Amino acid sequence: MPSRIQYTPISDRSSSPTSINELKSEESEEYQNIQTSHSLFHWIAHVVSLLAIGILSIILVLSRGQIGRQCWERYNYYSPVNEALADRPYIENRFNGSLWYESPFKGPPSPAVEDAWHSIMQYGMIAVSASDMVRVNHTLRTAAQFPAEAGGGYIAATVGTHQLHCLHYIWQDHHRSYFPNVLKKVEEIPEMYERHYEHCVDYIRQSLMCNFDVGLVTYNWVRDHQNPTPNSNAMHKCVDWEHVQGWLKEKAVEVPEGFTWKQPEGQESLPFNP
């Protein structure tokens with residue numbers, strides 16, 4: 001028969017009260033050290049995270065304008081007006097395309113309607129710098145300038161303002177009987193008037209094709225209509241018109257009353273009519 005193994009408790013000779021207290025004290029101190037280390041690491045991590053967030057926020061704020069300008073310049077040819085619009089968000093706007101919309105720009109012609117048209121073209125001629133002229137790929141050799149008494153600078157107008165002028169020209173032709181100056185041009189310079197008219201039609205055509213609007217004109221069934229009817233009240237994203245006008249107002253130049261234009265001596269001329 002195998003001998004029975006008796007249970008023998010572990011000797012407790014080394015577990016005196018003093019040694020137990022010392023052990024507990026050491027364990028407590030070690031635990032406190034660990035807790036202190038964890039707490040310090042926790043706060044360091046927080047500080048580093050906050051610093052990283054702060055730095056990233058500053059970088060994003062500073063780069064936001066740069067990114068906006070890069071996006072604007074990617075889809076728009078250079079113009080000094082870019083400075084005013086590159087950082088401005090586009091404005092969502094629904095066009096009123098109703099045939100029955102009483103727009104202040106619609107006929108029949110009247111002094112009020114003419115005032116409305118002129119109000120959106122009032123800052124037509126602006127002064128730009130020599131570097132602006134070069135950047136839009138135009139030569140300085142034949143470039144005209146404002147007189148010194150008007151502040152100088154090279155004469156320019158935004159394409160948008162010229163487009164509005166052309167549209168107004170076509171609108172006036174439609175109501176030519178109301179405008180004595182239009183009738184006078186038709187009678188006295190018919191060929192030039194016709195060339196101007198066709199220029200305006202084709203200039204607007206080029207602009208529309210260049211800036212093709214991809215907004216949707218939907219079709220609806222309308223009471224008493226036998227066919228689907230277009231709904232031109234479409235949504236668009238538009239430049240900040242008031243901001244543009246504010247910039248143009250600052251750059252607009254008023255030629256002194258009674259001033260007579262005269263080509264400066266030595267100034268070259270273009271050999272053709274552009």
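How many aromatic pairs does the structure hold? I'll come to that in point 4; keep in mind that this is a predicted model.

1. Let's start with the largest nonpolar core, which has 14 residues. The members that touch the most others are Leu85, Ile126, Val128, Met133, Tyr154, Trp247 and Leu248. Three elements give two or more residues each: α2 (82-85), β2 (126-128) and α8 (241-251). Of these, α8 gives the most, with three residues.

2. Leu85 deserves a click. Leaving aside residues up to four places away in sequence, Leu85 touches Trp72, Val239, Asp240 and Val244. Apart from this core lies another one, of 13 residues, including Val113, Trp117, Tyr169 and Ile204.

3. Now look down α8. Val244, Gln245, Trp247 and Leu248 are buried here. They span an arc of only 160° around the axis, so they sit on the same side of the helix. As a reminder, an α-helix has 3.6 residues a turn, so residues three or four places apart point the same way. On the face turned away from the buried side, α8 carries the exposed residues Glu242, Lys249 and Glu250. As for partners, the buried residues of α8 pack against α2, α3 (111-119), β2 and α5 (159-174).

4. Back to the opening question: there are six aromatic pairs. In one of them, the ring centres of Phe105 and Trp117 are 5.5 Å apart with the planes at 75°, and since anything over 60 degrees counts as edge-to-face, that is what this pair is. Phe105 is in the loop between β1 (91-94) and α3, while Trp117 is in helix α3, so the pair ties together parts twelve residues apart in sequence. Phe105 is partly exposed, at 28% relative accessible area, whereas Trp117 has 6% and counts as buried.

5. Tyr178 and Phe179 make another edge-to-face pair, with 5.0 Å centre to centre and 85° between the planes. Which of the two is buried, and which is partly exposed? Tyr178 is the partly exposed one, with a relative accessible area of 38%; Phe179 is buried, at 5%.

6. Worth showing together: Phe105, Trp117, Trp171, Tyr178 and Phe179 form one aromatic cluster. Trp117 also turns up in the 13-residue core of point 2, so do colour that residue when you look at both.

7. One last ring to check is Tyr78. Arg135 lies over the face of Tyr78, at 3.8 Å from the ring centre.

Methods: Residues are numbered from 1 along each chain as its sequence is written. This is a predicted model: local features need pLDDT of at least 70, side-chain atom pairs count only at pLDDT 80 or more; totals for chains, interfaces and linings use all residues. Side-chain values use heavy atoms; hydrogens and water are left out. A nonpolar core is a set of buried Ala, Val, Leu, Ile, Met, Phe, Trp, Tyr and Cys residues joined through side-chain atoms within 4.5 Å. Buried means under 20% relative accessible area, exposed over 50%, partly exposed in between (1.4 Å probe, protein chains only). Helices (H or I, at least four residues) and strands (E, at least two) are DSSP runs, numbered from the N terminus. Contact means heavy atoms within 4.5 Å. The arc is that of the directions from the helix axis to the C-beta atoms. Rings of Phe, Tyr and Trp (its six-membered ring) pair if their centres lie within 6.5 Å; planes under 30 degrees apart count as stacked, over 60 as edge-to-face and the rest as tilted. A charge sits over a ring if NZ of Lys or CZ of Arg is within 6 Å of the ring centre and within 35 degrees of the ring normal.
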